[in-house]
Amino acid sequence: MKIGCPKEIKPQEFRVGMTPNAVREAVAHGHQVVVETGAGTGAGFSDSDYVAAGATMLGTAEDVFAQAEMIVKVKEPQAVERARLREGQVLFTYLHLAPDPAQTADLLASGVTAIAYETVTDERGGLPLLAPMSEVAGRLAPQVGAWTLQKANGGRGVLLGGVPGVSPAKVLVIGGGVVGTHAARVAAGMGADVTVIDRSVPRLRYLDDVFGGQFKNAYASAGNTMDLAREADMIIGAVLIPGAAAPKLISRAQLAELKPGAALVDVAIDQGGCFETSRATTHQDPVYEVDGIMHYCVANMPGAVARTSTLALGNATLPFLLALADKGWKLACAEDKHLMAGLNTHKGKLTYAAVGAALGLPAISAAAALDL
Ligand SMILES: NC(=O)c1ccc[n+]([C@@H]2O[C@H](COP(=O)([O-])OP(=O)(O)OC[C@H]3O[C@@H](n4cnc5c(N)ncnc54)[C@H](O)[C@@H]3O)[C@@H](O)[C@H]2O)c1
């Protein structure tokens, strides 16, 4: 198969769909890979890295889209990219179609077979192509929160780990899933006094079993949340209710009860945020203050560490990418129901029920699409 990897064009996106090592594996499987010149620069991969891995570099995105039977990307295709897609071509990338009627309409009009990273599933009910980005965002959260706590950045001037004779900072992590667990591990590793709260008792049992010595946990009742929040120097919001907006767990009025200069890191901002005063910010201007409380609310945190994120995403996508290239999308999906769960559009039909429900469009099952 001829696989194409264009340069990402969404503003501030520095990741790339295929690493040189992914190219090397695809070529070893007998495939051809065309990569747009400069596609990997933002993630620290040079054109010569790709050439050494066996790729052919092409000077324009038009050529990559025109030549490739499968396009591998990171971000949803932008309007100019969507105009280049066609029936018979496979698109493998993050799509997030439910809140995006314009993109959905364009993908359906193009006839492309679009497989979305975010809806591919695994045996344990997880989302294996979303998890790496949650791991990155979780581990990054205490790092950006520690910076926010510095006096010059508007914070309360507290060092996360303290020093001998001075107590460490208190960190409250709300939500003990993938983001929250990774955030808690790093915050504890930096020497902070960490408590994770969650509304799932089985999850709290797991955290207690595995990380009992590293950080504390508590049930996320409203009372516990505020008791711990009042004591905290940093609060990391890491909740998720699948398919729903994040619940608002600290109101504007409650900010007055927090320590002045405390840092709120709202990782859940991509689902609307879990603090009433959260609004999405960018890497250029990540932090703002409300009532003396610092807010960090960057919606695409993994973009800050594009190289690590590219490598982590690449590890997770590679087996699926190879299956799609080796077997063709139909056989690959027929043999793997988890990959089939990623199918969102094919030949002008929507093949993901939740997207149809969100946008008021008819959808067929992914299995039915195999016969089209
Ligand atoms: N900003 C970014 O760049 C970025 C990157 C990755 C993920 N995220 C977001 O981070 C959030 C967490 O993702 P995840 O992968 O850890 O999800 P997850 O499903 O692994 O974990 C979410 C946890 O929140 C808990 N929870 C739900 N409601 C709660 C409540 N009211 N109080 C306390 N806990 C509650 C759940 O029980 C679960 O354990 C999501 O909104 C995700 O979209 C953001």
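Author: Contact here means heavy atoms within 4.5 Å. The model we are discussing is predicted: local features need pLDDT of at least 70, side-chain atom pairs count only at pLDDT 80 or more, and totals for chains, interfaces and linings use all residues. Residues are numbered from 1 along each chain as its sequence is written, and side-chain values use heavy atoms, with hydrogens and water left out.

Reader: Thanks! With which residues is H182 in contact, leaving aside its neighbours within four places in sequence?

Author: Let's place it first: H182 belongs to helix α7 (residues 178-189). Helices (H or I, at least four residues) and strands (E, at least two) are DSSP runs, numbered from the N terminus. With neighbours within four places in sequence left aside, the contacts of H182 are E135, G138 and R139.

Reader: Which word fits H182, buried or exposed?

Author: The cut-offs are under 20% relative accessible area for buried, over 50% for exposed and partly exposed in between (1.4 Å probe, protein chains only). Because its relative accessibility is 13%, H182 counts as buried.

Reader: Where does UniProt place the feature "binding site"?

Author: The annotation comes from an unreviewed entry, and such annotations may be inferred rather than shown by experiment; feature names are shortened and positions follow the numbering used here. The two residues named there are R15 and K75. They span 61 residues in sequence, yet no two of their C-alpha atoms are more than 8.8 Å apart, so they gather at one spot. To answer you by name, the positions are R15 and K75.

Reader: What is the relative accessibility of R15?

Author: R15 lies in the loop between β1 (2-5) and α1 (20-28). Its contacts beyond four places in sequence include E8, K75, Y94, M133 and S309. R15 counts as buried, because its relative accessibility is 5%.

Reader: And the "active site" feature: what is the largest C-alpha distance there?

Author: UniProt, again in an unreviewed entry, puts this feature at H96 and D270. They are spread over 175 residues of sequence but cluster in space, with a largest C-alpha distance of 11.4 Å.

Reader: What is the relative accessible area of H96?

Author: H96 is in the loop between β5 (90-93) and α5 (101-110). Residues up to four places away in sequence aside, H96 touches Q103 and E118. H96 is classed as partly exposed because its relative accessible area is 40%.

Reader: Why are the buried residues of α5 on the same side?

Author: The buried residues of α5 are Q103, T104, L107, L108 and S110. The arc is that of the directions from the helix axis to the C-beta atoms. They share a side of α5 because their arc covers only 165°.

Reader: Which exposed residues does the face turned away from the buried side of α5 carry?

Author: The buried residues of α5 are covered by elements including β6 (113-116) and α13 (353-359). On the face turned away from that buried side, the exposed residues are P101 and A109.

Reader: What area is buried between domain 1 and domain 2?

Author: Domain bounds come from an automatic or database domain assignment, with domain 1 at 2-119 + 306-369 and domain 2 at 131-299. Seven residues of domain 1 are in contact with four of domain 2. Buried area is the accessible area (1.4 Å probe) that two parts lose on being put together, summed over both. Carbon and sulfur atoms give 68% of the area between these domains, which is about 470 Å².
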